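Visitor: Could you take me on a close look at a single part of this structure? I would enjoy a connected account.

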Amino acid sequence: MTLATLDSVRIPESVAHESGPGASPVPTGPFGIKRLVKGNEALALGAIHGGVECFFGYPITPQNEIPEILSGLLPKLGRVFLQAESEVASINMVYGAAAAGHRALTSSSSPGISLMMEGLSYIAGARLPCVMINVMRGGPGLGNIAPSQSDYFQACKGGGHGDYHGIVLAPWNVQEMFDLPGLAFDLADRYRMPVIILADAVLGSMLEPAVVPEQFPPLQKQVKDWATTGRERRAHKNVVNSLFLDAEELSRHNELLQATYREARREVRFDARFVEDADYVLVAFGIAARIGLSAVRLLRKEGIRIGLFRPITLYPFPEIQLAAAAQRIQGVFVCELNSGQMLEDVRLAVNGRCPVEFYGKMGGVLPGPEELADDIKRRIAGLCCGGAR
């Protein structure tokens, strides 16, 4: 594993960016060297810095660099890497390692993630922390290996059976690809629930500067008093389970899960740019938000006051913050690489306060900033003429 580098210079954390009032950007990483880093590589290195103890996975494009890098580094650090025989086996190995109190990770791409949904539901039902990385590709079915954001429903609404959720984090650059795995492990342990990092094929393959520490920190093993680590020095027996045959008992267990999800809503994170004086707001996540920011800048040069609202937590969705912005603007635009999935959460948050318009691409097709800006201008003209759809 190698890192492509520019002339190395030591800089503090990461470059500051424009942020609106009330924004909650992702915490940046520690001091390090600014390098050219590929997105998948950043996810792997970020997981190691975040304290991953074991990885279980199965190859699938376009995320294969993650297990490739971890296969070389984790054994050298005295940690576990295991390529399982399938995605189904991988997620069940994550279940076992998480039940024993270890920080467990898996990564895959859309069809592979689908195979893991039953196991993820078991993990959520058993109140176990783990981290799952999905570098999304086009679908449905086998689709292709081009970038897509069509797994939003699967990640945010619960792709497996039952009433469960996982926290969902969406990076938009390589720096966040490095920073988010550590945050994901911390949140997973804090709430005893799975955390999903939802990236895409562009971000996974993108090469750009990011601040990466020069050395791996020592592993800080956490004591988890609920873990199944044996009876030594413990008076009671720990049980990890998601089977409750008595209806009343299962009902109480579900109420406990729902209380945890309500508590986790405090973890809302978002990034707002140029929103303070905006007449319109564009909502996008991941690589679509990168395209959206360029479109916003083009439109502002033409005198159109538009801002970008980027959810970093797709679940919990920053609905209160978006609703506050919607009270004082003339329209909301949503851009996604799908047929309109986050769009539903945006409409629920806006709740009729202003019109909501959608522009999407599917199958791995990316809109250009100029194309998106032209569509927004056309829709603004429609709004002004009372032609909102």
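Guide: Happy to! A residue is called buried when its relative accessible area is under 20%, exposed when that area is over 50%, and partly exposed in between. Please keep in mind that this is a predicted model.

With that cut-off in hand, let us turn to helix H13, which covers residues 369-384. H13 has 16 residues, and the distance from its first C-alpha to its last is 22 Å, close to the 22 Å expected at 1.5 Å a residue. Along H13, the buried residues are Leu372, Ala373, Asp375, Ile376, Arg379, Ile380, Gly382 and Leu383. Asp375 and Arg379 are thus listed alongside Leu372, Ile376, Ile380 and Leu383 as buried.

What covers these buried residues? Among the covering elements are helix H10 (286-301) and four strands: E11 (280-283), E12 (306-311), E14 (331-336) and E15 (356-360).

The cut-off also serves elsewhere in the chain. Asp271 sits in strand E10, residues 270-273. Because its relative accessibility is 1%, Asp271 counts as buried. The side chain of Asp271 also has a polar partner: it makes a polar contact with the side chain of Arg273, at 2.9 Å.

One last stop is the empty space inside the model. There are three cavities of 30 Å³ or more, and the largest has a volume of about 50 Å³. Residues lining the largest cavity include Leu120, Gln154, Lys157, Tyr164, His165 and Ile196. By class, that lining has six nonpolar, five polar and one charged residues. Helix H6 (152-156) gives the largest share of the lining, three residues, while strand E8 (194-200) supplies at least two.

Key:
Residues numbered from 1 in each chain as written. Predicted model: local features only at pLDDT ≥ 70, side-chain atom pairs only at ≥ 80, totals over all residues. Heavy atoms only, no water. 1 Å grid on protein atoms, 1.4 Å probe; cavity = no way out; pocket = protein on both sides within 12 Å on 5 of 7 lines; lining within 4 Å. Points joined across faces, edges and corners; volume = space filled by probe spheres on them. Nonpolar A, V, L, I, M, F, W, Y, C, P; charged D, E, K, R; others polar. Buried < 20%, exposed > 50% of the residue type's maximum accessible area, 1.4 Å probe, protein only. Polar contact = N/O pair within 3.5 Å; in protein donor to acceptor, adjacent residues only side chain to side chain. Expected span 1.5 Å × (residues − 1). Contact = heavy atoms within 4.5 Å.
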